[in-house]
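Hello,

Here is the structure I promised to pass on. Please open it first, then read the notes below.

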Amino acid sequence: MKEKAIILASASPRRKELLALMGLTFRVVPSRKEEIAEGDTPAHIVEHLSRQKAEDVASGLQEQDALVIGADTIVVCDGTVMGKPRTEEEAFAMLSRLQGKTHEVYTGVTLVCVEGMDKTCETFSRKASVTVHPMEDAEIWEYIRKGESLDKAGGYGIQGSFAMYVDEIQGEYNTVLGLPIAGLYQALKKYRQEGKGSFSLPSGVCI
């Protein structure tokens, strides 16, 4: 079975690292479409956003045999959805709200399978709960001034120095990073089983 070209519809270095961790060969084609958040629940919102990204990139492909992967992440605290802060002041407000509490992180993933003129789409999401230790204002500002806040949902990156303030994570750690690769692996296996594509790992095993 011919191997599909795999395309990551995201410029996120964290998602790129996680996809590479799976041993897949892929290229990055970020979506340029303006994101419009829609949905009745956080899960529906991230699923819709991830689908926008994947479908936007898939619509501009030259390949007729490809799989496009789109993903989006949001943070939810006390029922309020948090995106990426635009300023340090917004980051401070977000982190002030998160400190001393447990919040949820949702990541949606969409796979658009391109086969000639046909396109099929599958979307799923995962949730993880993150408990942040109480932080003093000075600690929050110290973290923000390290430059890790402005391109991340909720104003923090768990893979960076913010990790020293995280007491507990319930759910897949990679959901918080921005790409739940356990769920993605199962989705790729499903595509393989349905005869929609082959994806080779360095070990020579095809999923």
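Start with Tyr156. Tyr156 is buried, at 5% relative accessibility. This is a predicted model, so please read every value here as computed from the prediction. Phe162 is buried too, at 0% relative accessibility. The two rings form a stacked aromatic pair. Their centres lie 4.6 Å apart, with 25 degrees between the planes. Ring pairs also draw in Tyr143 and Tyr165, making a cluster with Tyr156 and Phe162.

How many aromatic pairs does the whole structure hold? The search finds 4. Another stacked pair is Phe92 with Trp141. Here the ring centres are 4.7 Å apart and the planes meet at 10 degrees. That angle is under the 30 degrees set for stacking, so the pair counts as stacked. The pair links distant parts of the chain. Phe92 sits in helix H3, residues 88-98. Trp141 sits in helix H4, residues 137-144. Along the chain the two are 49 residues apart.

Is each partner buried or exposed? Phe92 has a relative accessible area of 18%, so it is buried. Trp141 has 22%, so it is partly exposed. The cut-off for buried is under 20%.

Next, the largest pocket. Its volume is about 630 Å³. The lining has 34 residues. Which of them lie nearest the centre? They are Arg15, Lys53, Asp72, Thr73 and Lys84. Four elements give two or more residues each to the lining:

- helix H1 (13-21)
- helix H2 (42-59)
- strand S3 (65-77)
- helix H5 (173-177)

S3 gives the largest share, with 4 residues. By type, the lining divides into 17 nonpolar, 8 polar and 9 charged residues.

Now a polar contact. Lys4 is in the segment before strand S1 (5-8). Its relative accessibility is 6%, so Lys4 counts as buried. What does the side chain of Lys4 contact? It makes a polar contact with the side chain of Asp65, at 2.4 Å.

On to the cysteines. How many disulfides are there? The count is 0. Why does Cys113 have no bond? The closest cysteine sulfur, in Cys121, is 10 Å from the sulfur of Cys113, so the gap is too far for a bond. A disulfide needs the sulfur atoms within 2.5 Å. Cys113 is buried, with a relative accessible area of 1%. Cys77 is buried as well, at 0%.

One backbone angle deserves a look. Asp78 is not a glycine, yet it has a positive phi of about 55 degrees. Where is Asp78? It is in the loop between S3 and strand S4 (80-82). With a relative accessible area of 51%, Asp78 is exposed. The cut-off for exposed is over 50%.

Last, some residues to help you find your way, with C-alpha separations.

Ile7 lies in strand S1. Its relative accessible area is 0%, so Ile7 is buried. How far is Ile7 from Val166? Their C-alpha atoms are separated by 32 Å, and they are 159 residues apart along the chain.

Val28 is in strand S2, residues 27-28. Is Val28 buried or partly exposed? Its relative accessible area is 33%, so Val28 is partly exposed. The C-alpha atoms of Val28 and Gln170 are separated by 30 Å, with their positions 142 residues apart along the chain.

Val29 is in the loop between S2 and H2. At 26% relative accessibility, Val29 is partly exposed. The C-alpha atoms of Val29 and Thr107 are separated by 19 Å. Those two residues are 78 residues apart along the chain.

If you want a viewing order, try this. Begin with the cluster of Tyr143, Tyr156, Phe162 and Tyr165. Move to Phe92 and Trp141, the pair that links helix H3 with helix H4. Then turn to the largest pocket and its centre, with Arg15, Lys53, Asp72, Thr73 and Lys84 nearest. Finish at Asp78, in the loop between S3 and S4.

Best wishes

Note on methods. Residues are numbered from 1 along each chain as its sequence is written. This is a predicted model: local features need pLDDT of at least 70, side-chain atom pairs count only at pLDDT 80 or more; totals for chains, interfaces and linings use all residues. Side-chain values use heavy atoms; hydrogens and water are left out. Rings of Phe, Tyr and Trp (its six-membered ring) pair if their centres lie within 6.5 Å; planes under 30 degrees apart count as stacked, over 60 as edge-to-face and the rest as tilted. Buried means under 20% relative accessible area, exposed over 50%, partly exposed in between (1.4 Å probe, protein chains only). A polar contact is a pair of N or O atoms within 3.5 Å; within protein, one must be able to donate a hydrogen and the other to accept it, and residues adjacent in sequence count only if both atoms are side-chain atoms. On a 1 Å grid over the protein atoms alone, a cavity is a set of points where a 1.4 Å probe fits but cannot get out, and a pocket is an open set with protein on both sides within 12 Å along at least five of seven lines; lining residues have an atom within 4 Å of a point. Grid points are joined across faces, edges and corners, and a volume is the space filled by probe spheres set on the points. Ala, Val, Leu, Ile, Met, Phe, Trp, Tyr, Cys and Pro count as nonpolar, Asp, Glu, Lys and Arg as charged, and the others, Gly among them, as polar.
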